[in-house]
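Hi,

Here is the structure I promised to send over. Have a look at it first, and then read on for my notes.

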Amino acid sequence: MDVQWLMVRSLPGLENALISRYAYAIEYDFVFPHQLDLSLALRRWPNLFLAGQINGTSGYEEAAAQGLIAGVNAARCVAGQSGTLTLRRDQAYIGVMIDDLISKDITEPYRLFTSRAEYRLSLRQDNADRRLTAIGYQFGLAGNSEHQRVMALEKDIAEARQVIQGIRYGGKNLWELMKQPDFNYADHPELPQFSPRVHEQLHIEARYAGYIAHQDKQAQALRKLDNWKIPAGFDFNIPGLSAEAVSKLCKRQPATLGLASRIDGVTPAEIALLQVRLKAFSATHSHDLNEETPTP
Ligand SMILES: Cc1cc2nc3c(=O)[nH]c(=O)nc-3n(C[C@H](O)[C@H](O)[C@H](O)COP(=O)(O)OP(=O)(O)OC[C@H]3O[C@@H](n4cnc5c(N)ncnc54)[C@H](O)[C@@H]3O)c2cc1C
């Protein structure tokens, strides 16, 4: 009797179980995902886009989300359109996943958890249209009417925020009152009323304002680093970097300083050193550190 039998039969109720046929093992080859870029193209063969478990992920949503990015970018590539659809960590969970795949050591099938997102206070289901419609429109994925709707919503939210911030109510500023958990706007019909969606967004915004502002600051710092492009073939053998950092940077060849900073084992001090070296590099070669994101 083999060990599986013993294990199964050790369970109460399964003392006499018979195994007629074992299930299957899941074994498949995969590409080391650090060989991809943020558009999900293979860096070595930039016309080949990969999505799903071939990139070391597990899960329907993970596969579908990558399929969307790889599919859009493959279609653009075939149509000869410049500019790729990529999402940042502070814009979408898709951005978190792809960034993780490229920069982290993936040692087991990757699943996307909310805990992997450092900006999860902003990556909410209720604001998905506000975060992503403009990008979708830019890449031909969202129609004009949807884009107009979201722009009108933004205008309504901005106007309502201004109105609320200008009101004093019961001796206090209304916006400050809305931050208090026991203040319910709906209990005060005498106050200016807005659409339910505008109310919802402003309510969340006011209540989490401090945390969201903190996250925005972090996201800005991240964007700054992400804007520092590292040229292909850059020599990472820089005096002062640890052997671990050099080996990981050489292996992964991060395309931006942001991606380099998220590699496990590369410290902030080493990123500062890399930044100095990149500056010197750009001064001697005509390398643009702050390339604009190409427009489609
Ligand atoms: C038993 C089981 C249960 C699971 N349960 C869940 C779950 O509950 N929730 C969840 O989120 N995930 C679950 N998963 C994981 C999920 O199914 C996979 O991660 C996901 O389907 C991967 O999608 P994919 O598109 O990358 O690959 P696949 O869905 O495997 O698609 C790859 C396709 O490529 C085809 N193909 C392969 N080679 C070739 C070739 N040479 N030419 C042409 N076509 C080819 C295959 O036939 C297949 O249709 C489960 C997986 C298994 C095995």
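Let me start at the ligand: one of its oxygen atoms sits 2.8 Å from a polar backbone atom of tyrosine 60. Keep in mind throughout that this is a predicted model. Glycine 59 does something similar, with a polar backbone atom 2.8 Å from a ligand oxygen. Arginine 111 uses its side chain instead: an N or O atom there is 3.0 Å from an oxygen of the ligand. As for cover, the ligand taken alone exposes 1000 Å², and the protein buries 34% of that.

Zooming out a little, 10 residues surround the ligand, and the closest are Tyr24, Gln53, Gly59, Tyr60 and Arg111. By class, that shell splits into four nonpolar, four polar and two charged residues.

Now for the domains. The assignment for the chain gives three entries:

- domain 1, residues 33-115
- domain 2, residues 151-212
- domain 3, residues 215-284

The pair I looked at is domain 1 and domain 3, whose C-alpha centres are 21 Å apart. On the domain 1 side 11 residues make contact, and they meet 12 residues of domain 3. Together the two domains bury about 1200 Å², with carbon and sulfur atoms giving 47% of that area. Which three residues contribute most on the domain 1 side? They are His34, Ser103 and Asp105, which supply 39% of the area that domain 1 buries against domain 3, more than any other three residues.

What about charges and polar pairs? Between domain 1 and domain 3 there are four salt bridges. If you want a salt bridge to pull up on screen, try arginine 262 and aspartate 99: their side chains meet at 2.5 Å, N to O. The interface of domain 1 and domain 3 also has eight residue pairs in polar contact, with both partners at pLDDT 80 or more. The class count for the domain 1 face that touches domain 3 is seven charged, two polar and two nonpolar residues.

That's what I have for now. Happy to talk it through whenever suits you.

Cheers

Key:
Residues numbered from 1 in each chain as written. Predicted model: local features only at pLDDT ≥ 70, side-chain atom pairs only at ≥ 80, totals over all residues. Heavy atoms only, no water. Domains from an automatic or database assignment. Contact = heavy atoms within 4.5 Å. Buried area = accessible area lost by both parts, 1.4 Å probe. Polar contact = N/O pair within 3.5 Å; in protein donor to acceptor, adjacent residues only side chain to side chain. Nonpolar A, V, L, I, M, F, W, Y, C, P; charged D, E, K, R; others polar. Near = heavy atom within 4 Å. Areas by Shrake-Rupley, 256 points an atom, 1.4 Å probe, with all protein chains shown as cover.
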